[in-house]
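Work through the exercises below with the sequence and the model in view. Try each task before reading its solution.

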Amino acid sequence: MKQETAAIHAGNIVTDSNKPAVQPITTSTTFLHQEDSLVYSRANNPNRMALENLLAKLEFGEDAAAFSSGNAAGMAVFQSLEPGSHIVAPDDMYHGLRAQLVQMFQGIHSVSFVDMTNPDNIAAVIKPETKLIWVETPSNPLLKISDIKKICSIASERKIKVACDNTFATPVFQNPLLLGADIVMHSSTKYLGGHSDILGGALVTKKMDEFWEKVKFVQKTGGAVPSPFDTYLLCRSIKTLSYRMKGHVEHAGILAEYLFHHPQVEAVYYPGLKSHPGHEVAASQMSGFGGMLSFLVKGEADDADRVISKLKYYTNATSLGGVESLIERRAASEGPDSKTPPNLVRLSVGLEHVDDLVEDMDQALGK
């Protein structure tokens, strides 16, 4: 099946004797004891089985594990490492997972943050105890691009696991497992959900190996799993993922070009622009450049806040991937420890008419 077809059909596992066209929601927390049956909903559930089958198909993996949030999914990977492991992570890393490594896993694992746009930086910090390279491409919020194939080549020589956060790219535009990664992570709250009304996360593995068994143990025993209703909604939303993403990437490209030429914009971070330092790498491993971009408003934080306050069709809110356009001054959301420039604005480009989005941005930026 092509991805559009898999998105519609791979998430249907119908257990109802009436054979409905759409899988029903199974809310029962417990099941009748019988051979090869489900036992308890924390361990498994028909709706979660359907979602995990769907995600594995979309990312070309052998298995998937759904979680109650993207943070829970990422944390399951860190929890599955042996104590004392060394992790290499990107310097521009989603702040929620970075906080886990710096605070929650302090004294359990060690971590080196490096600029992964140059793979040599990774090789330079690898130690005998390095067990994981965590990749995020495009990165959040600077849209840095890392060469997945080159990083996986470095890791493979040393038998180090590679996990890639694919939230910004989605399986529509990028498939890290096909480029050599071992595990793909998603915050399914974002584009997979697509409507800003579902909280979730997921991991997909290339192989069902010993490390994956540890991840599944964390999922089952830790219990940070999504509800039947949330997994049902995700299967429903993913049916339109490929077509939603076509709109997001088209609009993001138009807005990026507009912002790039605006006199009140200092810089634009979008891998679809030929001026982006990672454009060629992105073009080699992505079939589309995504719906996320960031830009620097000329001036200080107050100037960026002023632009945001004038907008009509962009909601000043955290998160991304919904049909509505979301915008925020990212450093304000990340807090006092943020490494993000104070005048950086992150934009999740929605599916409103692009002319309205450009006109609204034009009046907010002024001349």
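The exercises concern a predicted model, and each is followed by a worked solution.

**Exercise 1. The sheet**

Task: Find the order of the strands in the open sheet, and state which strands stand at its edges.

Solution. Step 1: The open sheet is formed by seven strands, and its order reads E1-E7-E6-E5-E4-E2-E3. The pairing is mixed.

Step 2: Strand E1 (63–67) and strand E3 (110–114) each have a single partner strand, so one side of each has no neighbour in the sheet. These two strands therefore stand at the edges.

Step 3: Ignoring direction, neighbouring strands of this sheet are turned by 20° against each other on average.

Step 4: Take one pairing as an example. E4 and strand E5 (residues 161–165) run parallel and are joined by five bridges. Val135 has Cys164 in E5 as its bridge partner. Strands of a sheet pair through backbone hydrogen bonds, either parallel or antiparallel.

**Exercise 2. Helices across the sheet**

Task: Determine which strands helix H2 lies across, and do likewise for H3.

Solution. Step 1: Helix H2 (residues 46–58) lies across E1 and E7. The angle at which H2 runs to E1 is about 125°.

Step 2: H3 lies across E1, strand E2 (86–90), E4, E6 and E7. The angle at which H3 runs to E7 is about 40°.

**Exercise 3. Aromatic pairs**

Task: Count the aromatic pairs, with ring centres within 6.5 Å as the cut-off. Then classify the pair of Phe78 and Trp134 and the pair of Phe229 and Tyr232.

Solution. Step 1: With this cut-off the count is three aromatic pairs.

Step 2: Phe78 and Trp134 are 5.2 Å apart from centre to centre, with 55° between the planes, and this pair is tilted. The pair links distant parts of the chain, since Phe78 is in helix H3 (residues 70–79) and Trp134 is in strand E4 (residues 130–136), 56 residues apart.

Step 3: Check the accessibility of both residues. Phe78 has 0% relative accessibility and therefore counts as buried. Trp134 is also buried, its relative accessible area being 0%.

Step 4: In the other pair, the ring centres of Phe229 and Tyr232 are 6.4 Å apart and the planes are at 15°. Planes under 30 degrees apart count as stacked, so the pair of Phe229 and Tyr232 is stacked.

Step 5: Phe229 and Tyr232 are three residues apart in helix H9 (residues 228–238), which means a separation of about one helical turn. Phe229 is partly exposed at a relative accessible area of 45%, and Tyr232 is partly exposed at 24%.

Step 6: One aromatic cluster is formed by Phe78, Phe105 and Trp134.

Step 7: A charged residue can be placed against a ring as well. Arg98 lies over the face of Phe113, 3.9 Å from the ring centre.

**Exercise 4. An annotated lysine**

Task: Locate Lys190, decide whether Lys190 is buried or exposed, and list what Lys190 touches.

Solution. Step 1: An unreviewed UniProt entry gives the feature "modified residue: N6-(pyridoxal phosphate)lysine" at Lys190.

Step 2: Lys190 is in the loop between strand E6 (183–186) and strand E7 (201–205).

Step 3: Buried means under 20% relative accessible area. Lys190 has 16%, so Lys190 is buried.

Step 4: Leaving out residues up to four places away in sequence, Lys190 touches Thr167, Ser319, Leu320 and Gly321.

**Exercise 5. Backbone exceptions**

Task: Find which peptide bonds leading to Pro138 and Pro141 are cis, and compare the settings of Leu143 and Lys159.

Solution. Step 1: Most residues other than glycine have a negative phi, and most peptide bonds are trans.

Step 2: The bond from Thr137 to Pro138 is cis, with omega near -10°. Pro138 is in the loop between E4 and helix H6 (148–157).

Step 3: The bond from Asn140 to Pro141 is cis too, with omega near 15°. Pro141 is in the loop between E4 and H6.

Step 4: Leu143 has a positive phi, near 55°, and is found in the loop between E4 and H6. Leu143 is buried, at 1% relative accessibility.

Step 5: Lys159 has a positive phi, near 55°, and lies in the loop between H6 and E5. Lys159 is exposed, with a relative accessible area of 80%.

Technical notes
Residues numbered from 1 in each chain as written. Predicted model: local features only at pLDDT ≥ 70, side-chain atom pairs only at ≥ 80, totals over all residues. Heavy atoms only, no water. Phe/Tyr/Trp six-rings, centres within 6.5 Å; stacked < 30°, edge-to-face > 60°. Helix = DSSP H or I, 4+ residues; strand = E, 2+ residues; numbered from the N terminus. Buried < 20%, exposed > 50% of the residue type's maximum accessible area, 1.4 Å probe, protein only. Lys NZ or Arg CZ within 6 Å of the ring centre and 35° of its normal. UniProt positions renumbered as here; feature names shortened; annotations may be inferred. Contact = heavy atoms within 4.5 Å. Pairing = 2+ DSSP bridges. Axes fitted to C-alpha atoms, helices over the stretch in contact; angles between N-to-C directions.
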